[in-house]
Amino acid sequence: MDDEAARRNLFRITPSSPSPLASDPASPAMATAADPASLPPSASPFSSTGALESVPFSSGNPRIEETRGVVLLHPDPPAAASSSSSHLPVGRKPRVCVPAVPNHMTYADFCRFCGAFVPHMLEMRIVRIDGAEDQYSVLIKFDTLSSTDSFYNHFNGKRFSSLEGDVSCVRFVEDVHYTQLIEHAHSSVTSLAEQPTCPVCLERLDQDPGGILTTICNHSFHCSCISKWTDSSCPVCRYCQQQPEKSMCSICGTSENLWICVICGNVGCGRYKGGHAIEHWQDTEHCYSLELETQKVWDYAGDNYVHRLIQSKTDGKLVEYNCYGAHGADGMCSICSGDAGMDEAILNSKVEAIVEEYNDLLTSQLDKQRNYYESLLLEVKEENEREVSAATAKAVSIKHQKLQTKLDKCIEEKRFLDDINANLVKNQEMWRERIRKVQEREQAALRLKDEKIEKLEAELRDLIAHIECQDAVAAAPESISSDVQGGTILPGPSTPSSSSSPDRAARDRKRN
């Protein structure tokens, strides 16, 4: 890489060509993060003196190599004047830091978030801020100061996504000091070497005008190439920026000396802590457990280790646990002094027996697990039946109480209606007697009235007959009238008049 590319890659750490700040023993940048007193006053971790604030950061794969440093940030301008360029830091450089980016945002997501500003970026570097495990920060260098100001005014206080509440915060960067380079055991040559070309397109890194992005594991790519990578891991080493959560004991919550059951996946602490892994074996009879730290398998029933292969911490491959020697060019092992080819043939011949043994063990454990869970299901079924029976009895009792209450109310209403009916029957008899007496009085009055009418009719007839006789005598000749004047009139038989018969019949019908 030429001098121009080296000047552009401000934030890249190249172990083969260390930074001038890191190569000078007298330079303040050689001070480690564990010795804050050796840093300049403005570079002590989490201190803010004058106008600058220093924040410690780290990058790299912790299992291979890790780079530590301190970034000097300008303070935020007042909120009321943050959009005005006159209130931006004086003497600022075209470098900014975007802290607290959520881990779920991949490199491609962040490139899409930056949008039209990506062509103006010379380099982006992903780092970790100490104490923020679920977030990462981005150090960005722009081509011009105007692009830096426009990026600050546009993205400071803007949400990363409309569906979430995380807000981006942009800070101007004064300088970056790399304080320590920690190399772990089993570091590979690939992770330490500078990548002169983009691993995706195999072109030189300084030939793309879209800028360079350095991942958190110190691998560099073109922004246009990494923006097409949808995964959150590195395309070179597969290191993921979003680390899984630390395992804890499911009972006491400790994170030390943990064992995981290879049958059901239960995580418990060892016998030198709370002993919850052994309790799980005693409860479920799952006798095989894997120690998370050493990847060794322990058999509680046999009280010994039963693993034959473990995972190498260097490249992740499975290796034989009992053989620690290296095999030379002649095929001889440095420890067991045996023929490597013969050992490999013997090992291959035992694979079938090992597989059969493993299948038998797995079958027995699965049978025990099936019986265990069937017993749990039976207990749950019985418990559900008891709960259903209790709920049914309770519902029936409540319904019976409601019906009994309703029945008592109906009986009380019936008793009240029976009393009313008895009173009404009694009153009915009394009113019938009264009606009978009234009818008798009316009949007696009618009979008396008929007798009076008959008597009056008889007298009326006699009177009419007397008047008719007198009229007849007066109209007779004098010779007859002189003879009749000395006579006596005798009453004849009484014959009811025809005019009075219908009236009497009508009265008789009314009386009846």
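Here are questions and answers about a predicted model.

Biologist: Which helix gives the most residues to the largest nonpolar core?
Modeller: The largest nonpolar core has 37 residues. Strands S4 (95-102), S5 (121-129), S6 (135-142) and S8 (212-214) each supply at least two of them, as do helices including H4 (145-155) and H6 (223-226). The one that gives the most, with five residues, is H3.

Biologist: Which residues touch the most other members of that core?
Modeller: Take Val98 as a start. Leaving aside neighbours within four places in sequence, Val98 is in contact with residues including Tyr136, Ser137, Phe160, Cys169 and Val170. Its contacts also include Phe110, Val138, Ile140 and Phe151. The residues that touch the most other members are Val98, Phe110, Met124, Val138, Ile140 and Phe151.

Biologist: Is Leu424 buried or exposed?
Modeller: Leu424 is found in helix H9 (residues 351-475). With Phe416, Leu417 and Ile420, Leu424 forms a nonpolar patch on the surface, with about 400 Å² of accessible area together. Exposed means over 50% relative accessible area. Leu424 has 52%, so the word is exposed.

Biologist: How far apart in sequence are the parts that Glu174 and Lys93 tie together?
Modeller: Glu174 forms a salt bridge with Lys93, and the closest N and O atoms are 3.9 Å apart. Glu174 lies in strand S7 (residues 171-183), while Lys93 lies in the loop between strand S3 (65-73) and S4, so the parts they tie together are apart in sequence by 81 residues.

Biologist: Why are Arg436 and Glu433 separated by about one helical turn?
Modeller: Side chains of opposite charge can pair when their charged atoms come close. Arg436 and Glu433 meet in a salt bridge, at 2.1 Å from N to O. Arg436 is partly exposed at 37% relative accessible area, and Glu433 is partly exposed at 33%. They are about one helical turn apart because their spacing in helix H9 is three residues.

Biologist: Which residues do salt bridges with shared partners join into one network?
Modeller: Arg436 and Glu433 form a pair in helix H9. Elsewhere, salt bridges share partners and make one network. Its members are Asp367, Arg370 and Glu374.

Biologist: Is Glu66 buried or exposed?
Modeller: Glu66 forms a salt bridge with Arg68, the closest N and O atoms being 3.4 Å apart. Arg68 counts as partly exposed, at 22% relative accessibility. Buried means under 20%. Glu66 has a relative accessible area of 11%, so Glu66 is buried.

Note on methods
Residues numbered from 1 in each chain as written. Predicted model: local features only at pLDDT ≥ 70, side-chain atom pairs only at ≥ 80, totals over all residues. Heavy atoms only, no water. Core = buried A, V, L, I, M, F, W, Y, C linked by side-chain atoms within 4.5 Å. Buried < 20%, exposed > 50% of the residue type's maximum accessible area, 1.4 Å probe, protein only. Helix = DSSP H or I, 4+ residues; strand = E, 2+ residues; numbered from the N terminus. Contact = heavy atoms within 4.5 Å. Patch = residues over 30% accessible without salt bridge, like charges linked within 9 Å, V, L, I, M, F, W, Y side chains within 5 Å. Areas by Shrake-Rupley, 256 points an atom, 1.4 Å probe, with all protein chains shown as cover. Salt bridge = Lys/Arg side-chain N within 4 Å of Asp/Glu carboxyl O.
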